[in-house]
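Work through the exercises below with the sequence and the model side by side. Each task is followed by a solution that goes step by step.

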Amino acid sequence: MARSPRAAALRTWLAETWPLVQATAAATVAWVIAVRVGGHDAPFFAPIAAVVALNFGRGERGRNALRLVFGVCIGIVFGELTVVVLGGGWDSLALATFVALVVAQALGANRLMRVQAAAGAILTIAAADGGAGVNRLIDALIGAGVALVFTQVLFPPEPLALVRRAERAALATMAEGLRLTAEAIERGAYDEELHAGLIRCMSGVREHLAEVGRAGPAGARVAGHSLIWHYRRPAVRRTTEEAAQVQLLGASCLMLLRTAASADLRGQAGLAQAVRELAGAIADLSADLGSRPVRQRAVDRAFTVARRAGEAPVPHMEREAVAAGVRFLCLDIMVFAGAAPSEAFAVFQQGGAGMPRVAAPPEDFHQPGLPSPAAVFRRLSRRRRRH
């Protein structure tokens with residue numbers, strides 16, 4: 001157990017470093033191609049284009065590589081035309097930059113593409129030394145092409161991992177916020193450090209929920225465009241639906257955190273224990289979301305807390321608001337963990353049904369990386385039988 005934090009830190013460092021290694025390799029390959037194949041003396045546009053195109057979140061790099069090459073090409077074209085007509089100088093730089101920005105905006109380019117158009121024009125004028133040519137445009141195309149090969153063929157991100165990583169981060173931050181809330185309720189008096197921690201957690205939950213919202217479509221794009229991960233499309237569709245439930249769970253968590261942060265909850269030890277139980281359930285889900293026993297334990301804990309919350313009236317208005325937030329969170333935990341919504345809602349009804357049961361996660365929930373040869377053989381065999 002003592003080594004697990006270091007192992008987690010090492011995994012995080014490796015995950016963050018791997019894209020940097022890819023960008024470095026892509027820049028080097030683009031330079032070599034431009035020099036050896038294109039015969040260019042100083043092809044700085046090629047490595048720059050490759051690095052910029054890969055400097056985005058996984059799942060977005062291929063699309064942004066196309067945006068990059070579009071914007072850069074606009075800038076280079078108008079920079080070269082300005083050099084042909086006016087030569088170099090500050091006036092040429094100003095004119096080429098302005099025209100590139102206007103044209104990019106007129107063509108519906110977003111901010112990234114407009115910035116790349118301006119950068120392309122500026123670098124073209126600065127490096128032209130009064131002479132025009134097509135080498136810079138070719139270099140930009142080489143760099144973007146190398147980036148596309150890296151993102152779509154050699155190192156496309158695993159689409160399910162995009163969503164799972166975002167979900168785990170969001171769930172872990174929710175659990176930490178609930179733990180701090182339980183601690184604040186137990187202390188009773190206002191604690192500046194705890195309050196600041198709650199504010200940070202609320203901000204973190206919102207950021208991670210936004211990342212979950214981006215990860216779902218990004219994973220779908222990767223599965224739809226990548227040759228390697230094309231078979232993931234059904235699983236990615238399921239994770240996109242699951243991501244929507246994460247958003248609901250996050251909204252309930254934020255409501256509870258916000259209400260508890262400003263309520264007078266002194267003497268509510270039972271409420272603190274309920275919040276701590278829910279924090280533990282969400283923390284378990286973040287650690288092993290693909291385990292049916294973990295999902296069932298989360299449902300069991302939420303069920304027990306929900307029943308207690310329904311049986312214990314809270315006469316104070318602020319405390320009743322927190323208790324209502326606890327009940328909403330219990331409901332969303334049960335549904336997110338895999339309980340049928342009808343069974344989860346029945347928990348809050350008079351004489352409601354018993355403990356909701358969860359089904360086992362899909363078979364492909366855990367598949368990390370490329371499919372095994374046996375899985376590929378089974379898939380091909382089923383396809384032959386259908387045809």
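The exercises that follow move from the whole chain to single helices and then to side-chain pairs.

This is a predicted model, in which local features need pLDDT of at least 70 and side-chain atom pairs count only at pLDDT 80 or more, while totals for chains, interfaces and linings use all residues. Residues are numbered from 1 along each chain as its sequence is written, and side-chain values use heavy atoms, with hydrogens and water left out.

**Exercise 1. Establish the make-up of the protein chain and where its confidence is lowest and highest.**

Solution. Begin with the elements, taken as DSSP runs numbered from the N terminus (helices are H or I with at least four residues, strands are E with at least two): the protein chain has 14 helices and 0 strands. Next take the pLDDT, the predictor's confidence in each residue from 0 to 100, which averages 77 over the protein chain, with 75% of the residues scoring at least 70. Confidence is highest in helix α4 (residues 90-106), at a mean of 90, and lowest in helix α14 (residues 373-386), at 52. Over residues 367-376 the pLDDT is below 50, and this stretch has 14 contacts in the model beyond near neighbours in sequence, where a contact means heavy atoms within 4.5 Å.

**Exercise 2. Decide whether Ala-96 is buried or exposed, and find which residues it contacts.**

Solution. First apply the cut-offs: buried means under 20% relative accessible area, exposed over 50%, and partly exposed in between (1.4 Å probe, protein chains only). Ala-96 lies in helix α4, and because its relative accessibility is 1%, Ala-96 counts as buried. Then, leaving aside neighbours within four places in sequence, Ala-96 is in contact with Phe-78, Gly-79, Thr-82, Ala-121 and Ile-125. Finally, the C-alpha atoms of Ala-96 and Thr-124 are 9.3 Å apart, although their positions lie 28 residues apart along the chain as separation.

**Exercise 3. Check the span of helix α10 and place Ser-286 within it.**

Solution. The expected span of a helix is 1.5 Å times one less than its number of residues. Helix α10 (residues 269-287) has 19 residues and should therefore span 27 Å, which agrees with the 27 Å between its end C-alpha atoms. Ser-286 lies in this helix α10 and counts as buried because its relative accessibility is 13%. Leaving aside neighbours within four places in sequence, Ser-286 is in contact with Arg-168, Leu-171 and Ala-172.

**Exercise 4. Which residues does Arg-301 meet in salt bridges, and which helices do these pairs link?**

Solution. A salt bridge requires a side-chain nitrogen of Lys or Arg within 4 Å of a carboxyl oxygen of Asp or Glu, and the count by this rule comes to 5. The side chains of Glu-277 and Arg-301 meet in one of them (3.1 Å, N to O). Glu-277 lies in helix α10 and Arg-301 in helix α11 (residues 292-311), so the pair ties together parts that are 24 residues apart in sequence. Asp-284 and Arg-301 also meet in a salt bridge (3.1 Å, N to O), and this pair links Asp-284 in helix α10 to Arg-301 in helix α11, 17 residues apart. Arg-301 is partly exposed, at 25% relative accessibility.

**Exercise 5. Describe the salt bridge between Arg-179 and Glu-176.**

Solution. Their side chains, those of Arg-179 and Glu-176, meet at 2.7 Å, N to O. Both residues lie in helix α7 (residues 159-187), 3 residues apart, about one turn of the helix. Glu-176, Arg-179 and Glu-183 are linked in a network of salt bridges.
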